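Biologist: Before I plan any reading of this model, I would like to go through it with you, one question at a time.

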Amino acid sequence: MKPAFILDVIFARPVSIRIFGLAAVALGLLGLVWGDFAAVWQPVPKELPGRTALAYAVAMAFLMAGLAMQWRRSAALGALALTALYSLGVILLHVPRVIAHPSVFVNWSGVAEQLALVAGGLLAYAYCAQLEAANLTRLSQTGRLIFGVCLIVFALAHLVYLAPTAEYVPKWLPPGQTFWAYATAAGHFAAGIAILSGILARTAARLLTAMFVVFGILVHAPTIFIDPHNHFNWAANAINFALIGAAWVIASHSAPSPSAKPVVPPIR
């Protein structure tokens, strides 16, 4: 079996839709188990009335939307719901922080993390809803534009916070933590430019997805074994999973339209 065929199967759109949905399921389960919002990523004020009840409601919404994306008939509704949930996170939680403290770059990277998921949701919905070609193209272009810009912000965040970024890299990984902090910044820059320009966009999106998966394996997953009772560790893993799902959707949408004559047998 040729490697290109294997990659086409792995990054097929139906597969990416399910991964994106499973990430939402993980976020929902996180909220239900902890009775709280994802630490840092969902900065809901502690003094908000009914905060715990709202956290459970939001968690249930993520869980139901993610599960809906596992079935073909309900996938479009699930994708639309997730796009709305992630968009509300941008508007209600992160934009106010940017307005209040525009010079603090971490606030901008928080917006970018949420917007990247909005982009994934838009493209997932565009595919699941089986839109007309013009609308599909418009949503796809919008989603890729948003995602590409977010990657540039991620790259800048790695450089602005170089020392903290390097600390996340395992110390045993050669040639050194700072090297990988710069390398991942360069990877985000390259992927963002490729997706925005359309030059080698599919390859860039696939490599980006692989990079996020490596982040999960080397950086985030070990923290759960080190301290399984830490809410932040679980939240970081769930957020990275969500970004993997969004990148997977972007990578699958960089492939030829499913309405075109397929080069390889479809998986559905």
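**Salt bridges, rings and a pocket**

Modeller: Lys-46 is exposed, with 63% of relative accessible area, and please keep in mind throughout that this is a predicted model.

Biologist: With which residue does the side chain of Lys-46 meet in a salt bridge?

Modeller: Lys-46 sits in the loop between helix H2 (13-34) and helix H3 (51-68), and its partner is in the loop between H2 and H3 as well, 10 residues apart. The nitrogen-to-oxygen distance in this salt bridge is 3.7 Å, and the partner is Asp-36.

Biologist: Is Asp-36 buried or exposed?

Modeller: The relative accessible area of Asp-36 is 17%, and buried means under 20%. Asp-36 is therefore classed as buried.

Biologist: Which residues are joined with Asp-36 into one network of salt bridges?

Modeller: Asp-36 also meets the side chain of Arg-51 in a salt bridge, at 2.6 Å from N to O. This pair links the loop between H2 and H3 with helix H3, where Arg-51 lies, across 15 residues. Since salt bridges that share partners are taken together, the residues joined with Asp-36 are Lys-46 and Arg-51.

Biologist: How many residues apart in sequence are the parts that Arg-206 and Asp-8 tie together?

Modeller: The structure holds 3 salt bridges, and in one of them the side chains of Arg-206 and Asp-8 meet at 2.9 Å, N to O. Arg-206 lies in helix H9 (residues 201-226) and Asp-8 in helix H1 (residues 3-10), so the parts tied together are apart in sequence by 198 residues.

Biologist: Does Asp-8 count as buried, exposed or partly exposed?

Modeller: Its partner Arg-206 counts as buried, at 14% relative accessibility. For Asp-8 the value is 24%, and the class between under 20% and over 50% applies, so Asp-8 counts as partly exposed.

Biologist: Which helix supplies the largest share of the lining of the largest pocket?

Modeller: The largest pocket has a volume of about 1,300 Å³, and of the 38 residues that line this pocket, the closest to its centre are Glu-113, His-158, Thr-165, Tyr-168 and His-220. Several helices each supply at least two residues of the lining, among them H4, helix H5 (105-128) and helix H6 (133-160). The largest share is 8 residues, and they come from H9.

Biologist: How many residues of that lining are charged?

Modeller: The lining of the largest pocket divides into nonpolar, polar and charged residues, with 24 nonpolar and 12 polar. The number of charged residues in the lining is 2.

Biologist: Is the ring pair of Phe-11 and Trp-248 stacked, tilted or edge-to-face?

Modeller: The structure holds 5 aromatic pairs, and in this one the ring centres of Phe-11 and Trp-248 are 5.5 Å apart, with the planes at 40 degrees. Phe-11 is in the loop between H1 and H2 and Trp-248 is in helix H10, 237 residues apart, and both residues are buried. Planes under 30 degrees apart would count as stacked and over 60 as edge-to-face, so the pair of Phe-11 and Trp-248 is tilted.

Biologist: And which class describes the rings of Phe-20 and Tyr-86?

Modeller: Phe-20 in helix H2 and Tyr-86 in helix H4 are 66 residues apart, and Phe-20 is buried, with a relative accessible area of 1%, while Tyr-86 is buried with a value of 1%. Their ring centres are 6.2 Å apart and their planes stand at 70 degrees, so the pair is edge-to-face.

Biologist: Which residue do ring pairs link with Phe-20 and Tyr-86 into a cluster?

Modeller: Phe-20 and Tyr-86 form an edge-to-face pair. Ring pairs link these two into a cluster with Phe-62.

Biologist: Which bond joins Pro-174 and Pro-175?

Modeller: Pro-175 is found in the loop between H7 and H8. Omega is about 5 degrees between Pro-174 and Pro-175, and the bond that joins them is a cis peptide bond.

Biologist: Where does Leu-200, which has a positive phi although it is not a glycine, have its place?

Modeller: The phi of Leu-200 is about 55 degrees, and at 62% relative accessibility Leu-200 counts as exposed. The place of Leu-200 is in the loop between H8 and H9.

How values were computed: Residues numbered from 1 in each chain as written. Predicted model: local features only at pLDDT ≥ 70, side-chain atom pairs only at ≥ 80, totals over all residues. Heavy atoms only, no water. Salt bridge = Lys/Arg side-chain N within 4 Å of Asp/Glu carboxyl O. Helix = DSSP H or I, 4+ residues; strand = E, 2+ residues; numbered from the N terminus. Buried < 20%, exposed > 50% of the residue type's maximum accessible area, 1.4 Å probe, protein only. 1 Å grid on protein atoms, 1.4 Å probe; cavity = no way out; pocket = protein on both sides within 12 Å on 5 of 7 lines; lining within 4 Å. Points joined across faces, edges and corners; volume = space filled by probe spheres on them. Nonpolar A, V, L, I, M, F, W, Y, C, P; charged D, E, K, R; others polar. Phe/Tyr/Trp six-rings, centres within 6.5 Å; stacked < 30°, edge-to-face > 60°.
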